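Colleague: Could you walk me through this model, step by step? I am new to reading structures.

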Amino acid sequence: MPGKPARPRRYLMCEPRHFDVAYAINPWMDPAGTVDRELARAQWATLVDAYRTHGHTVETIEPVPGLPDMVFAANSALVHGGRVLGARFRAPQRQPETDVYEVWYKAAGYAVREPDEVCEGEGDLVPVGGRVLAGTGFRTSPGAHEEVREHFGLPVVTLPLIDPHFYHLDTALFALDDGTPGDIAYYPGAFTQEARNTLARLFPDALLATRQDALAFGLNSVSDGRHVFVAPQATGLVGRLAERGYVPVPVDLSEIHKAGGGIKCCTQELRP
Ligand code: ARG
């Protein structure tokens with residue numbers, strides 16, 4: 001069937017072998033609740049299988065006991081054009097992840113620049129259309145956006161977030177097609193009015209998602225340009241992706257949602 005072309009991707013992922021909700025650093029996390037770690041592992045394995053079945057390469061990093069959020073590989077860096085800008089986490093509980101991921105990137109042959117300001121990798125940095133869309137307000141600081149601009153030599157568009165449920169840019173926006181001009185989906189209510197105006201100007205044809213789909217982690221999706229790996233709970237979005245010519249591939253990470261992340265959070269893209 002003709003339609004949108006997929007581009008094979010390389011992803012870095014971390015098995016939720018030590019996954020837990022042991023502290024609360026976003027509104028989704030309830031340390032008093034229960035977590036079924038075996039279910040989380042099984043759901044995560046389904047995502048790995050889905051990527052491989054669709055022709056993508058998945059690399060893995062060894063999880064470390066005591067770092068329950070390490071499953072969220074997308075917070076570890078931005079990788080683009082062979083360059084890596086590592087992470088500096090806002091929450092002390094996650095700060096030890098920086099060195100663990102840095103060891104992996106170095107062993108994989110990358111030079112890693114350590115950011116001076118809080119920077120949570122692809123959680124807040126979304127490359128699309130030759131620019132980097134950059135979230136701020138809860139985690140990544142605006143100073144880190146400057147570091148991105150300088151390190152990658154790409155224009156950076158600062159987008160302030162206002163709703164604590166959507167504390168990372170990748171919970172409210174994702175690239176459907178990361179080429180040029182690019183195609184994105186987002187939930188406007190997560191952004192300041194000014195950021196909404198900017199997005200409307202840059203992406204007049206974007207798919208605008210509902211709060212319901214955003215709360216179902218529908219915007220924490222991964223697209224290869226054709227297939228969209230998406231939370232099945234985001235029923236409205238799934239239908240609209242198909243209307244737009246994309247192929248939704250539903251993958252349920254409900255157990256991992258308890259820590260405030262979904263498909264995209266678990267997936268660090270290793271861009272060429
Ligand atoms: N518990 C993690 C945190 O609050 C979840 C991170 C989700 N990752 C993401 N890319 N949005 O830091």
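Modeller: Happily, and one term comes up at once: two residues are in contact if their C-beta atoms, placed from the backbone, lie within 7 Å. This is a predicted model, where local features need pLDDT of at least 70, side-chain atom pairs count only at pLDDT 80 or more, and totals for chains, interfaces and linings use all residues. Residues are numbered from 1 along each chain as its sequence is written.

Colleague: Which residues does Cysteine 265 touch, not counting residues up to four places away in sequence?

Modeller: Let us place Cysteine 265 before naming its partners. Cysteine 265 sits in the loop between helix H7 (254–257) and strand S15 (268–269); helices (H or I, at least four residues) and strands (E, at least two) are DSSP runs, numbered from the N terminus. Leaving out residues up to four places away in sequence, Cysteine 265 touches Phe72, Ala74, Gly123, Asp170 and Asn220.

Colleague: Is Cysteine 265 buried or exposed?

Modeller: A residue is buried if 20 or more other C-beta atoms lie within 10 Å of its own, exposed if 12 or fewer, and partly exposed in between, with C-beta atoms placed from the backbone. Cysteine 265 has 27 other C-beta atoms within 10 Å, so Cysteine 265 is buried.

Colleague: Which residues does UniProt list for "active site"?

Modeller: UniProt positions are given in the numbering used here, feature names are shortened, and annotations may be inferred rather than shown by experiment. For "active site", the unreviewed UniProt entry lists His168 and Cys265.

Colleague: Why do they gather at one spot?

Modeller: They span 98 residues in sequence. Yet they gather at one spot, because no two of their C-alpha atoms are more than 9.5 Å apart.

Colleague: And where is histidine 168?

Modeller: Histidine 168 is buried, because 29 other C-beta atoms lie within 10 Å. Histidine 168 touches Glu120, Gly123, Asp124, Gly135 and Arg139, not counting residues up to four places away in sequence. Its place is in the loop between strand S8 (156–160) and strand S9 (173–177).

Colleague: Now a sheet: which strands stand at the edges of the open sheet of three strands?

Modeller: Two strands pair if DSSP finds at least two bridges between them. This open sheet has the order S3-S4-S5, with mixed pairing. A single partner strand for each edge strand means that one side of each is left without a neighbour in the sheet, and those edge strands are S3 (77–80) and S5 (112–113).

Colleague: How many bridges join S3 to strand S4?

Modeller: S3 and strand S4 (residues 83–86) run antiparallel. Alanine 77 stands opposite glycine 86 in S4. The bridges that join S3 to S4 number four.
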